[in-house]
Protein chains: 2
Amino acid sequence: MSALKNDTFLRALLRQPTPHTPVWIMRQAGRYLPEYNQTRKRAGSFLGLAKNPNYATEVTLQPLARFNLDAAILFSDILTIPDAMGLGLYFAEGEGPKFERPLREEWEIRNLTVPDPAEHLGYVLDAVAQIRHALAGELPLIGFSGSPYTLACYMVEGGPNEDFRTIKTMLYEQPDLLHHLLDINARAVTAYLNAQIEAGAQAVMIFDTWGGSLAAAAYKEFSLQYLQHIVAGLIRQRDGRRVPNIVFTKGGGLWLEDIAAIGCDAIGLDWTCDIGAARARVGNQVALQGNLDPMALFAEPQAIRAQVERVLTSFGTGSGHVFNLGHGVSQHTPPENVGVLVDAVHELSPRYHAAT
Amino acid sequence: MSALKNDTFLRALLRQPTPHTPVWIMRQAGRYLPEYNQTRKRAGSFLGLAKNPNYATEVTLQPLARFNLDAAILFSDILTIPDAMGLGLYFAEGEGPKFERPLREEWEIRNLTVPDPAEHLGYVLDAVAQIRHALAGELPLIGFSGSPYTLACYMVEGGPNEDFRTIKTMLYEQPDLLHHLLDINARAVTAYLNAQIEAGAQAVMIFDTWGGSLAAAAYKEFSLQYLQHIVAGLIRQRDGRRVPNIVFTKGGGLWLEDIAAIGCDAIGLDWTCDIGAARARVGNQVALQGNLDPMALFAEPQAIRAQVERVLTSFGTGSGHVFNLGHGVSQHTPPENVGVLVDAVHELSPRYHAAT
């Protein structure tokens with residue numbers, strides 16, 4: 001494979017010096033881009049895109065053609081694993097992801113097995129390989145999965161949810177059963193992310209979208225413990241280069257010390273954390289990724305630049321920061337405002353890095 | 001007025017010794033109680049209940065007849081103030097509160113005025129007086145309002161919302177206009193809570209339901225600053241007794257030190273904070289109220305008792321804790337499980353308090 005031309009993202013995740021702060025955007029290939037919506041229309045649906053490596057490659061590259069981003073991220077979904085387990089992922093218009101066959105009975109959970117990525121998730125691995133080839137060493141490629149607890153939420157509840165009543169009743173009443181499910185999910189995520197790394201992913205991110213809905217003690221027992229198992233099982237090195245990992249628990253700002261202690265390379269921060277305060281707490285152990293409020297992208301360019309500067313100033317000088325939003329970019333965002341953000345990071349950040 | 005027979009709640013808020021940990025439940029008069037649903041049917045609607053002092057009194061007292069609670073809370077809504085300003089509060093079935101006339105234009109915000117509680121919110125003050133009389137000194141009565149930022153969210157967005165795009169665009173692009181709105185709201189909330197105190201409320205709570213959706217710096221500038229103005233303007237003493245106040249920012253666990261510094265008596269905690277960790281951070285300045293996960297009430301009695309014990313143990317020995325859920329009780333909760341919680345607090349907590 002060709003040498004990587006822009007490795008600022010990978011270096012920043014390992015807290016190595018870079019000339020500027022690298023930037024990418026969660027959901028950078030998404031509905032705010034008209035070209036994405038056109039490809040999606042051709043593919044027929046979101047899953048039609050995600051399950052076809054040609055389409056997945058096409059939409060992964062779209063934001064890179066528009067914006068001066070420092071990383072590409074595989075176009076896929078956080079819920080591919082339960083789909084591979086046979087639960088039947090689908091998307092009802094305007095309702096978010098759902099499963100045709102959520103886990104309602106104890107025997108259904110006891111019967112689950114870890115899917116073989118090559119056999120059941122080959123379309124993802126093909127997409128990773130194809131995107132990596134298409135990138136031709138210009139930018140690093142990020143692979144990802146949902147976290148064991150976040151997968152379990154969808155698997156048990158069957159879809160998006162306000163209070164997580166079903167899974168939390170299990171958590172408080174049948175903790176052993178939930179641990180069984182989480183253990184299977186953790187082994188599945190580990191195998192899946194390692195298969196993505198072997199197919200060409202140069203960094204991996206675990207999205208713990210719903211870990212923040214847990215009480216503090218329950219977060220450690222039912223989410224973080226399994227994130228730790230995954231991190232411990234990931235391939236560390238590939239083609240002579242370290243493969244960094246990023247753990248993102250939305251709403252996890254209270255638990256940064258605990259997250260840093262599992263041995264991950266970087267922590268994703270949502271926008272409610274002050275990134276400078278977060279750095280003071282854990283910045284000697286991990287890199288930090290984030291964390292502009294996605295809603296700041298609805299303001300005028302001047303205001304966006306001011307908010308970018310605010311995040312950069314809060315983090316301060318030195319390495320270990322990957323700029324991103326604190327959550328996925330909204331589908332209603334004017335695309336040109338993403339460009340304002342990306343350009344502002346590149347223009348404003350060099351002064352926070354020592355001259356090399 | 002008659003002397004208060006059970007003042008454990010008021011004493012705990014001021015970190016004075018009590019023989020047990022007092023307990024009440026957010027939304028304790030609500031849809032999980034069949035008798036509430038019957039009264040609501042007679043009243044025709046939620047607002048029919050809230051705007052009629054007889055009905056409001058009736059439903060306020062209902063949970064007290066069932067459970068051994070240590071406080072009563074006025075039956076009302078957090079959004080009465082914008083309704084009194086003329087925005088037209090209504091509830092669409094299953095959709096949460098909405099306004100008929102949300103604030104869409106700058107001139108609408110510039111034209112807002114602080115409503116006179118006696119003139120525009122007399123039904124609330126009548127309910128407070130009537131409930132206080134009906135309580136006959138058995139238990140203290142809590143008054144409340146939404147916070148300035150939370151009111152502004154509903155006033156600008158018009159209803160419940162996923163991303164708060166409209167108000168956040170204002171926040172990032174026209175901060176002065178939002179400050180104007182928040183200043184009016186803060187003066188309205190102060191006058192309203194003081195009128196509730198004069199009508200008989202013995203403690204007041206400010207619900208900052210949406211403050212936790214803000215970036216850290218924005219929280220301080222657009223929510224906490226105005227909470228501080230309110231706390232500074234509240235009546236401190238009434239009938240020879242201190243009137244304690246409680247500030248509850250849902251999702252505010254990262255900012256407890258900042259909240260404690262505004263001079264409030266107590267901080268409400270949602271269930272994501274470890275209450276022992278919170279006490280270590282701010283427990284020498286304020287009391288803490290909370291913080292069991294409301295979903296724990298869907299488990300069996302044994303599991304509920306174990307979770308109650310967990311919260312009590314985490315807080316530890318000594319005064320300054322009011323037991324509550326970390327959020328309002330779910331409408332789907334089996335009422336008998338609320339009884340299990342209340343009884344468990346009274347049964348298990350005395351050992352955490354020094355013998356008097």
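**Exercise 1. The sheet of chain B**

Work out in which order the strands of the open sheet in chain B follow one another, and which of them stand at the edges.

*Solution.* Start with the order, keeping in mind that this is a predicted model. The open sheet has seven strands, and walking across it in chain B you pass β1-β4-β5-β8-β9-β10-β11, with parallel pairing. Next, look for strands with a single partner: these are β1 (72-73) and β11 (321-325) of chain B, so each has one side left without a neighbour in the sheet.

Now zoom in on the β1 end. β1(B) runs parallel to β4(B), and two bridges join them. One residue pair to find on screen is Ile73(B) with its bridge partner Ile142(B) in β4(B). Finally, add the helix: α8(B) packs on the sheet and touches β1 and β4 of chain B. The direction of α8(B) makes about 155 degrees with that of β4(B).

**Exercise 2. Strand β4 in chain A**

Decide how many of the six residues of β4(A) are buried, and find the strands that pair with β4(A).

*Solution.* Take the two faces one at a time. Leu141(A), Gly143(A) and Ser145(A) point one way, while Ile142(A), Phe144(A) and Gly146(A) point the other way. Buried here calls for 20 or more other C-beta atoms within 10 Å. Run that test along the strand (residues 141-146) and six of the six pass, so β4(A) is largely enclosed by the rest of the structure.

Then turn to the pairing. With strand β1 (residues 72-73) of chain A, β4(A) pairs in the parallel sense over two bridges. Ile73(A) has Ile142(A) as its bridge partner there. Strand β5 (residues 203-208) of chain A also runs parallel to β4(A), joined to it by five bridges. On that side, Ser145(A) stands opposite Ile206(A) in β5(A).

**Exercise 3. Two chains, one axis**

Find the kind of axis that relates chain A to chain B, then describe the contact between them.

*Solution.* Begin with the superposition. A turn of 180 degrees and a shift of 0.0 Å along the axis lay chain A on chain B with an RMSD of 0.0 Å. That's the relation of a two-fold axis. To locate the axis, go to Leu254(A): among the residues of chain A its C-alpha comes closest, at 3.0 Å. The same surface serves both copies, since 100% of the contact residues of chain A recur in chain B.

Next, count the contact: chain A puts in 29 residues and chain B puts in 29 residues. On the side of chain A that touches chain B, the elements giving two or more residues are α10, α12 (216-233) and α15 (301-315) of chain A. The most come from α10(A), with five residues. Sort that side of chain A by class and you get 13 nonpolar, eight polar and eight charged residues.

**Exercise 4. Unusual backbone angles**

Track down the cis peptide bonds at Gly290 and Asn291 in both chains, then the positive phi values of Phe164(A) and Ala136(B).

*Solution.* Recall the background: most residues other than glycine have a negative phi, and most peptide bonds are trans. Omega first. A cis bond joins Gly290(A) and Asn291(A), with omega about -5 degrees, and Asn291(A) belongs to strand β10 (residues 287-292) of chain A. In the other chain, the bond from Gly290(B) to Asn291(B) is cis with omega near -5 degrees, and Asn291(B) is in strand β10 (residues 287-292) of chain B.

Now phi. Phe164(A), in the loop between α9 (148-157) and α10 (165-173) of chain A, has phi near 55 degrees. Phe164(A) has 19 C-beta neighbours inside 10 Å, so it counts as partly exposed. Ala136(B) has a phi of about 50 degrees and lies in the loop between α8 (122-135) and β4 (141-146) of chain B. With 10 other C-beta atoms within 10 Å, Ala136(B) is exposed.

**Exercise 5. Around Ile275(A)**

Is Ile275(A) buried or exposed, and which residues does Ile275(A) touch?

*Solution.* Place the residue first: Ile275(A) is in helix α14 (residues 275-282) of chain A. Its 27 C-beta neighbours inside 10 Å make Ile275(A) buried. For contacts, leave out residues up to four places away in sequence; Ile275(A) then touches Leu269(A), Leu288(A), Gly290(A), Asn291(A), Val311(A), Ser314(A) and Phe315(A). Gly290(A) and Asn291(A) are the pair joined by the cis bond of Exercise 4.

Terms used:
Residues numbered from 1 in each chain as written. Chains lettered and ligands numbered in written order. Predicted model: local features only at pLDDT ≥ 70, side-chain atom pairs only at ≥ 80, totals over all residues. Buried ≥ 20, exposed ≤ 12 C-beta atoms within 10 Å, placed from the backbone. Helix = DSSP H or I, 4+ residues; strand = E, 2+ residues; numbered from the N terminus. Pairing = 2+ DSSP bridges. Least-squares fit on C-alpha atoms with pLDDT ≥ 70 in both. Contact = placed C-beta atoms within 7 Å. Nonpolar A, V, L, I, M, F, W, Y, C, P; charged D, E, K, R; others polar. Axes fitted to C-alpha atoms, helices over the stretch in contact; angles between N-to-C directions.
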